[in-house]
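Colleague: I am new to this structure, and before I rely on any of its labels I would like to hear how each one was reached. Could you take me through the reasoning?

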Amino acid sequence: MKALFDTVSYQCSKVVTKSYSTSFSLATKMLSNTIRMHIYNIYGFVRFADEIVDSFHEYDKATLFESFSNDLEKALQDKISLNPILNAFQYTFHKYKIDKSLVDAFMKSMRMDLHKKDYLTDEEYKEYIYGSADVVGLMCLKVFVKGDEEKYNDLKGMAMSLGSAFQKVNFLRDIKADFDDLNRSYFPNVDLNNLDEHSKQEIIDDIERDFEEGLKGIKKLPMEAKFGVFMAYRYYRQLLKKLKKTPALQIKDTRIRVSNPKKIELLMRSYVKYQLNLM
């Protein structure tokens, strides 16, 4: 039965989310069960694409990525795929009428990671972030507003800002892995070999502006989505707080994390703020 295969596909996306990101998985659990599965489906898709370009060093990444890309196109066209992750994603894609241009922009940024190592201009930087993060936020927003175009357009800019903030925090936290292991440098006009406090502060100020705009959007989200997204926001703000306290020269030599007990504390504090409308 196709229904059973679909159920297995959705469970695969959930397993991918839980296995690759405990923090995102925790935030997703805070979403209403009416939309939770679809966020798993989106995450499973974007995670697999990202893993190809970031992790499979002993294989021909370009060939694997093109195969995945072709399978994606076929899944969206046929509304089924024997790849359970793509089968789950295509269902969410069609149910919420996600714009194909968002998927194309995401795949373009992932493809850039196959060969591009440095982002030398603000335009290149913004294009990459739009495709790697902003559009993922917009896909999720489609689910959060249940396809309501008016709400979607009202929240679109703020959702992009939140996606940008999350991605930039990841860039700052993962400087060591990106630079040393993958030989990538995302921040334009920044010498990562000699990251100084001034450059670090400029990056943080930019992230803070994105967070400020993103929080405005969180406050306008439907109830089914608001607390889960607020939880993710609080987690990334905690990461940024720790990055602020870390000397610039040490950021490249370590990877900032939020401990599991701290995540639970954040969850409890976030719930109190949410209930008291103190967001």
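Modeller: A disulfide is counted where a pair of cysteine sulfur atoms lies within 2.5 Å, and by this rule the count in this predicted model comes to 0 disulfides.

Colleague: What makes Cys12 and Cys140 fail that rule?

Modeller: The closest cysteine sulfur to that of Cys12 is in Cys140, 19 Å away, and because the limit is 2.5 Å, this is too far for a bond.

Colleague: Why is Cys140 called buried, and why is Cys12 called partly exposed?

Modeller: Buried means under 20% relative accessible area and exposed means over 50%; Cys140 has 10% and is therefore buried, whereas Cys12, with 27%, falls in between and so counts as partly exposed.

Colleague: How do you know that Lys2 forms a salt bridge with Asp6?

Modeller: The closest N and O atoms of Lys2 and Asp6 are 2.7 Å apart, and because the cut-off is 4 Å, the pair qualifies as a salt bridge. Lys2 and Asp6 are 4 residues apart in helix α1 (residues 2-20), which means that about one helical turn separates them.

Colleague: What makes the pair Glu149 and Lys142 a salt bridge, and is each residue buried or partly exposed?

Modeller: Their N to O distance is 2.2 Å, so this pair also satisfies the 4 Å limit; Glu149 is partly exposed at 41% relative accessibility, while Lys142 is buried at 4%. By this rule the count comes to 18 salt bridges.

Terms used: Residues numbered from 1 in each chain as written. Predicted model: local features only at pLDDT ≥ 70, side-chain atom pairs only at ≥ 80, totals over all residues. Heavy atoms only, no water. Buried < 20%, exposed > 50% of the residue type's maximum accessible area, 1.4 Å probe, protein only. Salt bridge = Lys/Arg side-chain N within 4 Å of Asp/Glu carboxyl O. Helix = DSSP H or I, 4+ residues; strand = E, 2+ residues; numbered from the N terminus.
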